Every structure is written in C-alpha cells, then in structure tokens.
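The report below describes a two-chain model, taking up its helices, strands and contacts in turn. Please keep the sequence and the structure open while reading.

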Amino acid sequence: MKAGALVFGFVLVFLAESLPLGPLYAQLHPDFIALFILYWALSSSQPLSYFVIWLIGLVQDLIFGRVPGSDAISLVLMLALLYAWIARVRRLPPWEQLFFIFFLLLAQSLGSWLWQAWAGPIVWHNALLLSAALGAALWPLFTFVLDRLQHHWPRRKG
Amino acid sequence: MSGLPFTRPFPSLLRLLVLAALSVGVSLYSVEHPNLRQVGLSAAEPLLWLNGQLRDAWQATSQYLQSQTTLRQENAALRQRVHVLEMENLALPVLRTENQQLLALLDSFPTAPGRVAVAQIEAQNLRNGSQQITINLGTAEGVYVGQPALAPGGVIGQVVTVSPNNARISLLSDLSSAIPAKPLGGNDPCLVEGRGNLHGLSVPFQPHATPLVPGTELVTSGLGGRFPPGLPLGVVKSVEHASNGPFAQVLVRPSANLAALNTILLLWPQTRNAAHS
C-alpha cells in the first residue's frame with residue numbers, strides 16, 4: 001500500500017471512529033480502524049509488523065480514553081488470526097470474504113471487551129455483535145473505495 | 001513497514017506473548033499514572049479539532065437543506081412554546097419569594113449554582129459500558145478534573161480527564177460513575193450509579209423498606225463537595241424486591257436525556273463563602 005494513501009486512510013478511519021453523530025452511531029458503527037488494518041494486511045505483499053499494529057492500537061486506546069492496551073492486544077490477535085487463514089481469504093472474492101471479516105471483527109471486539117472486563121466493571125452489549133456484522137456488511141464497499149483510493153493516489157516521483 | 005522490530009526474528013507465539021505482557025504493563029502503568037490518559041487526550045487534539053469542523057459543517061448543511069414547510073412548522077411550535085413559558089413565568093416571582101423564605105427558615109442561604117460555560121461535543125465513546133464524551137473546552141478555559149457537567153434537565157456527569165483544549169466527561173451512565181444523591185425534599189442519602197446504559201441508572205444498597213418509590217425525584221446531595229446540592233439527577237423508574245436478595249433493585253431514569261446530548265454546560269460551583277461576599 002502506498003505510504004501517502006496509508007497515512008490518509010488512517011486519518012480518515014480515526015476521524016470516522018470518533019465522529020460525534022449521536023449514541024446510535026457511537027454504539028453501532030463498525031470498528032473502522034480494525035477494518036482498515038485488515039485491508040492493509042490483505043493488500044500488502046509482506047506481513048505487517050505485530051509491533052506496529054500494537055502501537056496503532058495503543059494510540060487508539062489513548063485517543064479514545066479506553067483501557068490502555070485493550071485495543072492494542074486485540075488488534076494484534078485479530079491480525080494473528082487473519083495470518084492463520086490469509087492464503088485462503090485472499091483467494092475469495094470480497095463478498096465471500098465478509099464471513100471471515102465478521103469473525104475477525106467479532107474476535108477483535110471480544111478481545112477488547114475481555115481486556116476491559118479484566119481492568120474494571122463492564123457490561124455485555126449486543127451492539128458488539130451488530131457492529132461486527134455492520135463492519136462485515138460494509139467490507140465490499142470499504143475495499144472498493146480503498147482500491148480506488150490506492151489506484152488514484154499519485155505515485156512518488158523518481 | 002516489514003523492517004520494523006518484531007516482524008521476523010521471533011516466532012509468532014513468542015511475539016504475541018511479549019506484546020500481551022507489554023499490554024498488561026501499560027494497563028497497570030496507567031492505573032498508577034493517570035497522566036497517561038491526559039497525554040492521550042492532548043495527542044487527540046488535532047483529530048478532535050477536525051471532528052469539530054466536520055460537525056459544524058454537517059449542522060450548517062442540514063440547516064440549509066431544511067425545507068420551508070419544516071421551518072414554518074418549527075416556528076409555529078416555538079411560538080406556542082413561548083406562550084406556555086410566558087404563562088409559567090408569571091408564577092416565578094411568587095415562587096422565588098416563597099423559596100427564599102423557606103431557605104431562611106431552614107437556616108440556609110440561596111446560592112446561585114455558579115458560573116457556567118457552554119461546550120460542544122467533539123467525540124463520543126459509548127462502548128463496553130464506557131460512556132464518555134469529549135468536549136471542546138480544557139484547562140485553558142479553567143476546566144478541572146471533577147467539574148460538574150450539566151445539560152437541559154439536570155446533571156449529566158463530571159470531567160475525568162482534561163488537556164489544554166479538551167476535556168473528557170464521564171456520563172452518569174458510565175460504569176465507573178457514582179454520585180451522592182438524596183430524594184427531593186428528603187434527607188436520606190444514597191448513591192446514583194451508572195450501569196453502562198444511557199437510559200437507566202441504579203441506586204445500590206437500598207433496603208427493602210426503602211423510602212424510594214417510582215416517581216421519586218433524586219437530586220445531588222452535595223456530599224463530598226463536588227456537586228452543589230439540589231441539581232436534578234433522575235426520577236425513580238421502578239423498585240423491584242427480589243425475594244432472595246438483601247437489597248431492593250432501584251432503577252432511575254436520568255433527568256437529562258443522555259442519548260440526545262448536543263450542548264453541554266460546565267459548572268464552576270459557587271462556594272457558600274463566595275456567595276456571601
């Protein structure tokens with residue numbers, strides 16, 4: 001993935017993650033950062049660094065006021081699960097990939113939820129399931145938009 | 001990116017274990033050093049600024065796109081509301097005088113709730129029982145940790161983290177929120193706790209013979225000195241008595257609509273001494 005498109009994409013998903021569009025959006029929106037990391041991992045020819053993903057998760061935790069380390073470790077676990085099936089997932093068309101995406105997003109949400117349960121009081125909310133389902137449903141559109149963004153992103157000269 | 005540390009030199013499982021240990025370390029460090037969260041909020045400032053710009057643009061666009069019919073209907077409804085409020089205002093001077101007389105009888109002094117400032121929501125985090133919002137005021141405007149936050153209807157929560165230009169408010173419904181309360185017109189102290197749900201709070205440790213009944217209004221008691229007494233918190237929705245439990249389960253509906261927050265009021269409570277001087 002081109003570096004410029006990668007930075008631009010991260011700015012966009014961090015923005016989308018925190019937009020103040022009311023409680024319904026705040027509870028049900030897909031985890032755009034996790035979706036973007038999945039896209040990055042699938043479109044990249046080399047494996048991503050777990051440590052870099054862990055750092056991105058830590059930044060996410062600090063920016064959004066969550067228990068530090070919860071998103072960091074759950075994003076790393078999600079990536080590890082993806083790498084266990086990556087050859088199979090890459091061969092599938094985007095609309096078939098969405099089942100794997102649902103599973104991976106749910107695993108990430110559960111990982112973060114369990115981490116926060118360890119750190120303090122927490123409640124189970126079905127929004128976790130719905131958010132993962134919405135993320136999976138949006139996956140074909142998400143990949144389409146990011147493919148176009150990558151395609152039209154200006155190449156570095158020289 | 002693949003050249004960064006922890007990509008190849010160690011087997012996957014070992015790398016995962018090291019990162020899990022690092023996460024535990026960071027979590028434990030953040031408990032001992034709350035400043036870490038303040039650093040996070042400061043780092044988020046550019047993002048929150050962008051969010052504010054997007055929110056303003058969205059509001060401006062949606063206002064511009066409103067149809068003439070909608071605006072006329074809204075105008076008619078507002079005129080009607082003004083008439084109702086004018087009628088209600090007629091009784092206000094009488095009530096004010098009565099209130100001052102009653103407070104004098106109780107050896108109390110009427111104090112204004114204090115100075116307020118209007119804030120806008122920049123970001124929301126309403127997942128996993130964590131019910132927090134980020135606003136566009138910070139230490140530059142004198143915001144401090146523990147400061148009461150209000151909205152139309154009553155108390156909505158308190159400031160938990162503050163950076164120069166932003167502050168994070170833990171809503172009443174946050175699982176870590178607990179505010180000293182009492183029934184309106186009564187003196188039985190209680191706590192109003194969050195349950196991770198925007199529409200419901202709870203009052204823990206109430207005996208089966210609790211004086212709280214559905215419809216009882218709860219206000220801040222002023223204990224602890226963080227919230228001025230008498231600010232509306234919520235109304236008791238239900239009181240359930242489980243046969244095997246030692247306590248009654250008291251559910252409370254928040255006075256302010258936490259699910260439709262738009263403008264937030266931050267309160268600098270006026271101390272009694274300051275009010276006298």
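## Helices and strands of the two chains

Helix 3 (residues 45–64) of chain B lies across strand 1 (114–125) and strand 2 (132–135) of chain B, and runs at about 95° to strand 1 of chain B. Helices (H or I, at least four residues) and strands (E, at least two) are DSSP runs, numbered from the N terminus, and axes are lines fitted to C-alpha atoms, for helices over the stretch in contact, with angles running from 0 to 180 degrees between N-to-C directions. Two residues are in contact if their C-beta atoms, placed from the backbone, lie within 7 Å.

This is a predicted model, in which local features need pLDDT of at least 70 and side-chain atom pairs count only at pLDDT 80 or more, while totals for chains, interfaces and linings use all residues. Residues are numbered from 1 along each chain as its sequence is written, and chains are lettered from A and ligands numbered from 1 in the order in which they are written.

**The barrel and the paired strands of chain B**

In chain B, 6 strands close into a barrel in the order 1-2-5-4-3-12, with antiparallel pairing, and the twist from one strand to the next averages 45°. Two strands pair if DSSP finds at least two bridges between them. Within the barrel order, strand 4 (residues 154–162) of chain B pairs with strand 5 (residues 167–171) of chain B, and B:G157 has B:L171 in strand 5 of chain B as its bridge partner. The table sets out antiparallel pairings in chain B, each with one bridge pair.

| Strands of chain B | Bridges | One bridge pair |
|---|---|---|
| Strand 4 and strand 5 | 5 bridges | B:G157 and B:L171 |
| Strand 6 and strand 7 | 4 bridges | B:A181 and B:C190 |
| Strand 7 and strand 8 | 2 bridges | B:G194 and B:L201 |
| Strand 9 and strand 10 | 3 bridges | B:E217 and B:V235 |
| Strand 10 and strand 11 | 6 bridges | B:E240 and B:Q249 |

Strand 7 (residues 190–194) of chain B has 4 of its 5 residues buried, so it is largely enclosed by the rest of the structure. A residue is buried if 20 or more other C-beta atoms lie within 10 Å of its own, exposed if 12 or fewer, and partly exposed in between, the C-beta atoms being placed from the backbone. The hairpin of strand 6 and strand 7 of chain B has 6 residues between the strands, and there B:G185 takes a positive phi near 85°. In the hairpin of strand 7 and strand 8 of chain B, which has 6 residues between the strands, B:G196 takes a positive phi near 80°.

**Where the chains meet**

The contact between the chains takes 36 residues from chain A and 46 residues from chain B. On the side of chain A that touches chain B, helix 1 (3–18), helix 2 (23–28), helix 4 (50–64), helix 5 (70–91) and helix 6 (94–119) of chain A each supply at least two residues, and helix 4 of chain A gives the most, with 8 residues. By class, the residues on this side of chain A divide into 27 nonpolar, 8 polar and 1 charged, where Ala, Val, Leu, Ile, Met, Phe, Trp, Tyr, Cys and Pro count as nonpolar, Asp, Glu, Lys and Arg as charged, and the others, Gly among them, as polar.

Helix 2 (residues 35–43) of chain B has B:R37, B:G40 and B:L41 as its buried residues. Seen down the axis of helix 2 of chain B, these residues fall within an arc of 95°, so they line one face of the helix; the arc is that of the directions from the helix axis to the C-beta atoms. Their cover includes helix 4 of chain A together with helix 1 (12–32), strand 4 and strand 5 of chain B.

**Helix 6 and helix 7 of chain A**

The axes of helix 6 and helix 7 (residues 127–152) of chain A come within 8 Å and cross at roughly 140°. The contact of these two helices of chain A has 16 nonpolar, 5 polar and no charged residues.

A:L146, in helix 7 of chain A, counts as partly exposed, with 19 C-beta neighbours inside 10 Å. Leaving aside residues up to four places away in sequence, A:L146 touches A:G9 and A:Y39. A:P154 lies in the segment after helix 7 of chain A and counts as exposed, with 8 C-beta neighbours inside 10 Å.
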